[in-house]
Amino acid sequence: MPPSFSAKKIHGRPAYELARKKQPVELKPVEVELFEYRLTEISGSIARFYYRMFVGTYTSRTGS
């Protein structure tokens, strides 16, 4: 899901322009393609992964 402060266009304007003006920003989820995805570590209930994807793909990080 692209963040509100992204360059994705909404009615021809970048989403960040609307977000800066505190206007609602509704972006749709987009499909992404991973180049590489592998498990790098398991520690108890925590799993860590390494991934590579296209430039411009938005990621969300959780944990440490």
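Patches are built from residues with over 30% relative accessible area and no salt bridge, with like charges joined within 9 Å and nonpolar side chains (Val, Leu, Ile, Met, Phe, Trp, Tyr) joined within 5 Å. This is a predicted model, in which local features need pLDDT of at least 70 and side-chain atom pairs count only at pLDDT 80 or more, while totals for chains, interfaces and linings use all residues. Residues are numbered from 1 along each chain as its sequence is written, and side-chain values use heavy atoms, leaving out hydrogens and water.

On the surface, V30, V32, L34, Y37, L39, I42 and F49 form a nonpolar patch of about 660 Å². Strand β3 contributes the most to this patch, with four residues.

Two of the patch members, Y37 and F49, also deserve a look as rings. One aromatic pair is counted (ring centres within 6.5 Å; planes under 30 degrees apart are stacked, over 60 edge-to-face and the rest tilted). The ring centres of Y37 and F49 are 5.0 Å apart and their planes meet at 15 degrees, so the pair is stacked. Because Y37 belongs to strand β3 (residues 34-43) and F49 to strand β4 (residues 46-53), the pair ties together parts that are 12 residues apart in sequence. Both rings' residues are partly exposed (between 20% and 50% relative accessible area, 1.4 Å probe): Y37 has a value of 49% and F49 one of 40%.

Turning inward, the largest nonpolar core (buried nonpolar residues joined through side-chain atoms within 4.5 Å; buried means under 20% relative accessible area) has six residues: I10, A15, L18, A19, V25 and L27. Helix α1 (residues 15-20) supplies the largest share, three residues.

Key: Phe/Tyr/Trp six-rings, centres within 6.5 Å; stacked < 30°, edge-to-face > 60°. Helix = DSSP H or I, 4+ residues; strand = E, 2+ residues; numbered from the N terminus. Areas by Shrake-Rupley, 256 points an atom, 1.4 Å probe, with all protein chains shown as cover. Salt bridge = Lys/Arg side-chain N within 4 Å of Asp/Glu carboxyl O.
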